[in-house]
Amino acid sequence: MMAGMSGYDAVIHALGTAGTGGFGIYGDSIASFSSYSQIVIAVFMMIFGINFNIFYLMVIGRFKNVLKSEELKIYLGIIVISTVLITANLMSNLSVTFGNALKHAYFQVSSIMTTTGFATVDFNLWPTFSKTILIILIYTILRVKMWNLDVLGWIPGEAGSKTKIILQEVIWGP
């Protein structure tokens with residue numbers, strides 16, 4: 001099959017990615033698959049973390065509204081900034097090439113931001129700065145309110161398993 005996965009592996013991991021549930025059938029999660037497979041899974045984890053309303057706006061042709069979405073800008077901004085910081089940190093503290101640092105940083109950030117839980121490396125072996133960024137991302141996913149601001153990372157209307165901001169607003173109020 002394409003990207004070195006059997007048909008069975010591809011279906012299982014596609015469903016785990018689409019539902020952002022992260023179900024895998026191997027002990028090393030995604031690490032044993034090719035870099036291409038890892039990148040494809042990372043991109044789709046990020047895509048499945050986007051609010052379904054954004055996809056609806058694209059389907060009906062309202063691309064200007066998509067580009068104006070603050071929620072999407074913040075979500076993608078967090079992913080980009082976190083990935084860049086972790087990539088730079090991995091390159092400066094470990095003997096990792098730019099390509100591998102970028103791939104692993106992006107994959108782990110996408111996985112944590114969407115609560116998918118797939119992994120390509122043991123990020124516990126990463127430098128403290130990189131682990132701190134991942135912990136902050138995890139913390140923002142677990143917390144509901146922080147300094148009276150809605151948590152960045154929970155997007156209502158997306159496929160992820162995390163609690164939605166809109167639900168927390170109903171429970172805790174504005």
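Okay, let's start with one ring: F55 comes out partly exposed, at a relative accessible area of 25%. On this scale buried is under 20% relative accessible area, exposed is over 50%, and partly exposed is in between, using a 1.4 Å probe and protein chains only.

Quick housekeeping. This is a predicted model, so local features need pLDDT of at least 70 and side-chain atom pairs count only at pLDDT 80 or more, while totals for chains, interfaces and linings use all residues. Residues are numbered from 1 along each chain as its sequence is written, and side-chain values use heavy atoms, with hydrogens and water left out.

Back to F55. What does F55 pair with? Its partner is F52, and the aromatic pair is tilted, with 6.3 Å centre to centre and 50° between the planes. The rule is ring centres within 6.5 Å for Phe, Tyr and Trp (its six-membered ring), with planes under 30 degrees apart called stacked, over 60 edge-to-face, and the rest tilted. F52 and F55 sit 3 residues apart in helix α3, so about one helical turn separates them. As a reminder, an α-helix has 3.6 residues a turn, so residues three or four places apart point the same way. F52 is partly exposed too, at 43% relative accessibility.

The structure holds 4 aromatic pairs. Another one is Y26 with F33: the centres are 5.8 Å apart and the planes sit at 70°, so that pair is edge-to-face. Here Y26 is partly exposed, at 38% relative accessible area, whereas F33 is buried at 9%.

Now zoom out. The chain has 8 helices and 2 strands, and along the sequence the pattern runs α-α-α-α-α-α-α-β-β-α. Those are DSSP runs numbered from the N terminus: helices are H or I with at least four residues, strands are E with at least two. Of the 174 residues, 42% count as buried. The chain exposes about 9600 Å², and 71% of that comes from carbon and sulfur atoms; the areas are Shrake-Rupley, with a 1.4 Å probe. For contacts between residues at least 6 apart in sequence, 58% join residues at least 24 apart, where contact means heavy atoms within 4.5 Å.

On to the core. Which residues touch the most other members of the largest nonpolar core? Those are I86 and L137, out of 29 residues. Five helices each supply at least two residues of this core: α2 (35-48), α3 (52-59), α5 (70-93), α6 (98-113) and α7 (128-142). The biggest contributor is α6, with 7 residues. A nonpolar core, by the way, is a set of buried Ala, Val, Leu, Ile, Met, Phe, Trp, Tyr and Cys residues joined through side-chain atoms within 4.5 Å. Beyond its neighbours within four places in sequence, L137 is in contact with I78, S82, V109, I112 and M113.

Last stop, helix α5. Its 24 residues should span 34 Å at 1.5 Å a residue, and the end C-alpha atoms are indeed 34 Å apart; the expected span is 1.5 Å times one less than the number of residues. At the start of α5, a side-chain oxygen of S69 comes within 3.1 Å of the backbone nitrogen of L72. The buried residues of α5 include Y75, S82, I86 and N89.

L90 is in α5 as well, and is buried at 2% relative accessibility. Outside its neighbours within four places in sequence, L90 is in contact with V96, A101, W126, P127 and S130.

Methods. A polar contact is a pair of N or O atoms within 3.5 Å; within protein, one must be able to donate a hydrogen and the other to accept it, and residues adjacent in sequence count only if both atoms are side-chain atoms.
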